[in-house]
There are 2 protein chains.
Amino acid sequence: METPYLTTATGRAALRHCYRATLRDNVMPFWLQHGMDTEHGGFLTALDRDGSVLDTDKSIWFQGRGAWMFATLYLTVERRPEWLAAARSGIEFLRRHALAPDGKMYFTVTRDGRPLRMRRYVFSEAFAAIANAAYARASGDARAAADAERCFATYLRYSFEPGLIPPKVSTDTRPMMGIGPHMIGIATAQELRLHLGDRTVAGRTCTQWIDYSIAQIEQHFMKPAHQALLEVVATDGAIIDHFDGRQLNPGHALEAAWFIMHEGKLRNDQRLIQVGRTILDWMWQRGWDQECGGIFYFRDLRGLPVQEYWHDMKFWWPHCEAIIATHLAWTLTGDERYARWHQQVHDWSFHHFADPERGEWYGYLHRDGRVSVPLKGNMWKGPFHLPRMLWYCGRLLAEYPETTAP
Amino acid sequence: METPYLTTATGRAALRHCYRATLRDNVMPFWLQHGMDTEHGGFLTALDRDGSVLDTDKSIWFQGRGAWMFATLYLTVERRPEWLAAARSGIEFLRRHALAPDGKMYFTVTRDGRPLRMRRYVFSEAFAAIANAAYARASGDARAAADAERCFATYLRYSFEPGLIPPKVSTDTRPMMGIGPHMIGIATAQELRLHLGDRTVAGRTCTQWIDYSIAQIEQHFMKPAHQALLEVVATDGAIIDHFDGRQLNPGHALEAAWFIMHEGKLRNDQRLIQVGRTILDWMWQRGWDQECGGIFYFRDLRGLPVQEYWHDMKFWWPHCEAIIATHLAWTLTGDERYARWHQQVHDWSFHHFADPERGEWYGYLHRDGRVSVPLKGNMWKGPFHLPRMLWYCGRLLAEYPETTAP
């Protein structure tokens, strides 16, 4: 790897072609062809290798995530009517079927929208918020803008008002907090601000919510003495020296890293860029598999055995997040190390996850890169992480002076 | 494999030595040395390869499972005071710390017994019931007998009174039932009847509860047209053609098979033996990995990709259940096929799971038999499946006429 892709105009041109072609000619067509429910509306994501439906149950997360992705492509790549229609289909399914009588959103429903599972937490609401925000701007639909704000308000209330989400572990015995609500809070606030302006929701502006969550992450979840970003800590930030408290999720951490670097880029704030870069530096070391390549799913803070026996599998989404994080860090810092890391994870991912015959990516590989299950989607995999990476990296590449066509 | 171990006196003598030595000189000493909490009482099960403690949180399941195992060995193998003391330690920890104010038992507590997690279902109660039943007989402690009965009554009430366990999936939309409560109900009733007599609990004798659950399994969960035992079905027994409904768990099914064959053996009931044997025949074909050996964790009823990406891992406990099921089927039927299967799974298991250097078995292997996590215990692995297999198979071998010493 003498000259990493990102460091030369030729390399960047090759990347630009790769990300653009994979997004437009492979991934989005796969979901448009196989993932749209022409009967009941919305997205079907439980698809086999060839796109055939494995399970008709619908993920509420993916009605929002899919609608966000299609609306975003419509807004930023090309005004294709089928992309706007796909976004509308997800939004309309959410309007008809996502809400439980108590105002919280379900996790899964049947194909025709009857409730199946409600979960304790509120990520359905966060994804519905970004979907509605992007769709409001793409379509001019005023209800979508109001829905986006209301979903984000519900998300914030359940995530940060103590006691609203029933705890899995007794809070009397072991008060703890997770990084998830802060990470998703940052990304959600960024999208609302982008599409609807920096409005005030639940007492703070979007920018203030972002500041709040980044401050919490810096104060409580980043552990310089251990060079690690934790997933779960005590409410005072102390390390919980049990399986759960020691469990690192490098892909999740790299996602947090690029959310924070993205905020630094928007504000031209070197301090924020440095925070994100620090998380990337720490968690790349923790997560990259020196022996087989790729990003481990879980690691233990102290190098002990982790609780999850499938800890060393390679999932598609941490690799998407790692590609974005390294690419963005290179763009912001020019440090060649990030271009090298980017090439490592790009090459490993496109070599092992891609399915040249049937399109899209496999989601779940064994440590050595062999496919574990050949499906292309389920309740957790759909039109989100992979197309978001292809789109985001394409946008970064478009910023280079040699770029002519969008 | 000209003459499987079980078919010759020499082979049986070798097995007898193997099971006895592994139980007495390896597995039980590992737990006695590393797993007893000398400070707060009860069992610590989250142990690393060498027995060092990875997590001090305590599994309530394992206070019962461990106490049952030690009391059972005391009753049936040898009156060792340290085995009775270990059983007492688990029982006393349960008495002090297992019960929540509402009368249900926790799933996990801290080392000193403060509540951590409550789960919806009631398997803690089933394991506490068998522990108390065996301990009552081993110690003559009258409170243990009463506790066993009360725990079983709670188990039965929550398991079979509709609505007491909050459903994970909406029962209005998709009414369904699992095989788990029936399987564990059978094993729990068998232990209570063995130690405390065939008493009436929650309106039925232990034998009647066993009949009830076997009938439910035959009527609703066995699918002759598919040659499969299902884990979850609709309340009318219909196949639920979604990920969850199609997901087969061969190890779980083989455990059910031997519970039912064991009942047939006790009653000398050829019909029951045939039911268990049928499940074994079906699920061995579904579960045995022709390519790498060992028992797959999950399979799909229709051969489709399963939802769980770690579906092809090899866990210790399905192998323990497969060793018992094949051994018992050979004992009851004399069909050499079972002796061959027994040897296949015995050899694969002792070759891949055993840790000759540090004792006990690893719990979690990759498909090809390589170790995934080297720990010896956690909230789901402790002194139960492996020692129960060694003990149960030792008891079966003791029934042969050539056996002299117990």
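What follows looks at how chains A and B meet in a predicted model, and at a small sheet in chain B. Local features need a pLDDT of at least 70 and side-chain atom pairs count only at pLDDT 80 or more, while totals for chains, interfaces and linings use all residues. Residues are numbered from 1 along each chain as its sequence is written, chains are lettered from A in the order in which they are written, and side-chain values use heavy atoms, leaving out hydrogens and water.

On confidence, chain A averages a pLDDT (the predictor's confidence in each residue, from 0 to 100) of 96. The complex gets an ipTM of 0.95 and a pTM of 0.97.

As for the contact (heavy atoms within 4.5 Å), chain B and chain A each put in 37 residues. One salt bridge (a side-chain nitrogen of Lys or Arg within 4 Å of a carboxyl oxygen of Asp or Glu) links Arg174(A) to Asp57(B), at 2.8 Å from N to O. On the chain B side, strand 2 (53-55), strand 5, helix 8 (243-246) and strand 16 (371-373) each give two or more residues; helices (H or I, at least four residues) and strands (E, at least two) are DSSP runs, numbered from the N terminus. Strand 5 of chain B supplies the largest share, three residues.

That strand also sits in an open, antiparallel sheet of chain B, ordered 3-4-5. Strand 3 (58-59) and strand 5 (115-117) are the edges, each with a single partner strand, so one side of each has no neighbour in the sheet. Strands pair if DSSP finds at least two bridges between them; strand 4 (residues 108-109) and strand 5 have two, and Val109(B) stands opposite Pro115(B).
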